[in-house]
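Here is a model to go through by question and answer.

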Amino acid sequence: MLELKHISYSVREGDGELGILKDISLTIDDHRLVVFTGPNGGGKTTLAKIIMGLVQPTEGRIFWNGQDITDLGITQRARLGISYGFQQPPRFKGLTVRDLLTLASGDEKLSKDKCCQYLTRVGLCANDYLDREVDVSLSGGEVKRIEIASILARSSDLMIFDEPEAGIDLWSFARLTETFEQIHRTGSATMIIISHQERIISLADEVIVVGDGSIRHRGAAAEILPQILQDTLGACPVLTKEVQAQ
Amino acid sequence: MMENEIDRELLEKIADMLGKPVGAFNIRKDSGCDGRQSTEHIQITSKEDQPGIDIRIQDGTVGETCHIPVIITKPGIEELVYNDFFIGENCDVEIVAGCGIHNCGDQDSRHDGVHTFHVGKHSRVKYTEKHYGDGDGKGGRIMNPQTVVYLEEGASIQMDTTQIRGIDSTKRYTKIVCGAGAEAIVTERLLTHGEQIAESDMEIVLEGPDSKGRVISRSVAQDTSSQVFYPRMVGNAPCFGHVQCDSIIMGDAKIKSIPAITANCTEAQLVHEAAIGKIAGDQLLKLETLGLTEEEAEDCILKGFLA
C-alpha cells in the first residue's frame, strides 16, 4: 500500500516561494491501477517523481507498505519494489537493449526468451532490437517502448509510468494498453499511470485529476471522464458553443 | 618460458593469454625473448640490425592467429622496438599485440613500439592492441606506440586499440594508407585517470579509388588527466571516410579533440563528428531507478561506453 501524507513541494522564485504541490494526501491500495491526469504543469509528474525519490518533497511523508520511505534515496526505493518509466527516457551510448533489460531484471543471465517476452509486450521484435544500442539511432517511440519494457523486466510491486503513450504509434499503443490491462487483471503489480488518453483512463480503478498542485477530483473512470470532458470544453469557448449548438 | 603470477596477469590483461597460446607467438619480456613459436604459414624471426622481429605470413593463410605481447616487469627499462609484418595476398588473420608494464620501482619503465604492416592484396587483418599498467612504484609507466599500415588493393584492417587505466603517459601515432578498394576501420578506447596524459595522432590516407576509412574513438578522462585527439582523414581519390570522436569528461580532466578531414578529390566523401560531455544526470537517475547505486550506475555507463 502506498500512502502520501500532506505532501507539499515548492521552489524558490525570486524572493518568494512557488508552490508546485499543495498538501496532497492519498492512499493507493495494492494491485490497483490509478491514473493521474490533468492539465500540463498541474503537478502530476512532480507527484510521481516524489514517490520514486527523484524529487524530495518540501513537506509531508511517504509510506510504502507501512515503511516511511521519505528519506530514502532512489536506489533504496527501487530495491523496495518501486519502478519508474520516464516520460523522456535517456539514451546510452554503448548500452544495448539487452544490457538495459538485464540490468532492470537484476538477473545477469536473463534469457533471450525472457527479453523477447518483454519486448513483444511493447510491440518490438527481440531479433531486431536486442543487440542495438539505446542511443540516438533509435527513434523517440522506440526508446519509449524499450523504457516500458525495462519496467516490465523489473517486475516490481509498484510501477509508475509517466505518459507511456507519448510518441508511440497507434498500433503499439493498442498493444501497450493490452499489457497494462493484463498486469492489472493478473494483479501482479500496483500501477500509477500518468496519462491523458481516454483508453488508458478507462482502464483505471481510480482516476485522480491533479491541477494547480492539488487533487481536483478523484473517483471511478466513468464518473471522472465526463468531468474531464466538461473541463476541457469549458476551457475553449468556441468548442463549448459548438457543443451547445448541437 | 618462465612465467610468474605478475607475468600471467599481464599476459592475460593485454593478450587474453591463458597458458601457451595456439598458433604463432613471440613473447618479449624485459627486453628479451621469453618464448617464440612459428607455424607452417607464419614465420617469426629476430631482426639483425635493430631490436624487434619480422613476421612473415604466407599467401592464402586463413584463420590463423599471431600473438606478440610485450611485458615489462622491472623498473628502469626503456626500449624502442621495431616489429614489421609482411602479410601475403588473400590472407585472413588475427594479430594480437599489446604491452603490459608492472612497475614497483621509482624509475620509469618505457616501451616504444613501432609496428609496420604491409598487407597484401585482398587480405583481411584483425589487429588488437591492449595497453595495461600496474605496480605501486613511483616510476612512470610510459608507452609510445606507432602503427603504420599499408593496405594494397582490396585489403582491409580492423584495428582495435584499448588502454584502460595504468599507463601514465602515452603518445600514439597511427598512419594507414589505403589502396584501391581497401578499407581501414580503427576503434580506439581510452580511459585516463590521476595525472595521466594521453595523445593520439592519427592519419588515414584514402589513396586508392573506392577506399574506405572509419575511425571510432571513445574516451573517458577522469581526475586531472588530459587527452588530446588529432584524427585526420585525407581523401585523394573517390572514397568514403568517417571520423567519430566521443569523450566523457569527469573531475578536473581536460580533453582536446581536433578531427580534421581533407579532400583532394571532388568524389571524396568525408564526414567528421566530435563530442565531449559529462555523464548526463538523467542517465544516472534512470539506472538508479533500476536499483543501482550512483557509483554502480557510473561504472555501468563507462563500461558500456568503452565496451
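The turns below cover confidence, chain A, strands, helices and the chain contact.

This is a predicted model: local features need pLDDT of at least 70, side-chain atom pairs count only at pLDDT 80 or more, and totals for chains, interfaces and linings use all residues. Residues are numbered from 1 along each chain as its sequence is written, while chains are lettered from A and ligands numbered from 1 in the order in which they are written.

Me: What pLDDT does chain B average?
Reply: pLDDT is the predictor's confidence in each residue, from 0 to 100. In chain B, 98% of the residues score at least 70. The model scores ipTM 0.91 and pTM 0.84. The chain B average is 91.

Me: What is the radius of gyration of chain A?
Reply: Chain A has 10 helices and 10 strands (DSSP runs numbered from the N terminus; helices are H or I, at least four residues, strands E, at least two). The globule rule (2.2 Å times the number of residues to the power 0.38) and the radius are both set by definition, the radius being taken over C-alpha atoms. For 246 residues the rule gives 18 Å, and chain A comes close to this, so it is as compact as a globular protein of that length, with a radius of gyration of 19 Å.

Me: Which residue is the bridge partner of B:Val243 in β22(B)?
Reply: Strands pair if DSSP finds at least two bridges between them. β19 (residues 239-249) of chain B pairs in the parallel sense with β17 (residues 211-221) of chain B over 11 bridges, where B:Ser217 stands opposite B:Cys245. β19(B) also runs parallel to β22 (residues 268-277) of chain B, joined by 10 bridges. There, B:Val243 has as its partner B:His272.

Me: At roughly what angle do the axes of α2(B) and α3(B) cross?
Reply: Axes are lines fitted to C-alpha atoms, for helices over the stretch in contact, and angles run from 0 to 180 degrees between N-to-C directions. The axes of α2(B) and α3(B) come within 9 Å. They cross at roughly 115°.

Me: Which helix supplies the largest share of the side of chain B that touches chain A?
Reply: Residues are in contact if their C-beta atoms, placed from the backbone, lie within 7 Å. The contact takes 18 residues from chain B and 20 residues from chain A. On the chain B side, α2 (281-289) and α3 (294-306) each supply at least two residues. The largest share, 7 residues, comes from α2(B).

Terms used
Contact = placed C-beta atoms within 7 Å.
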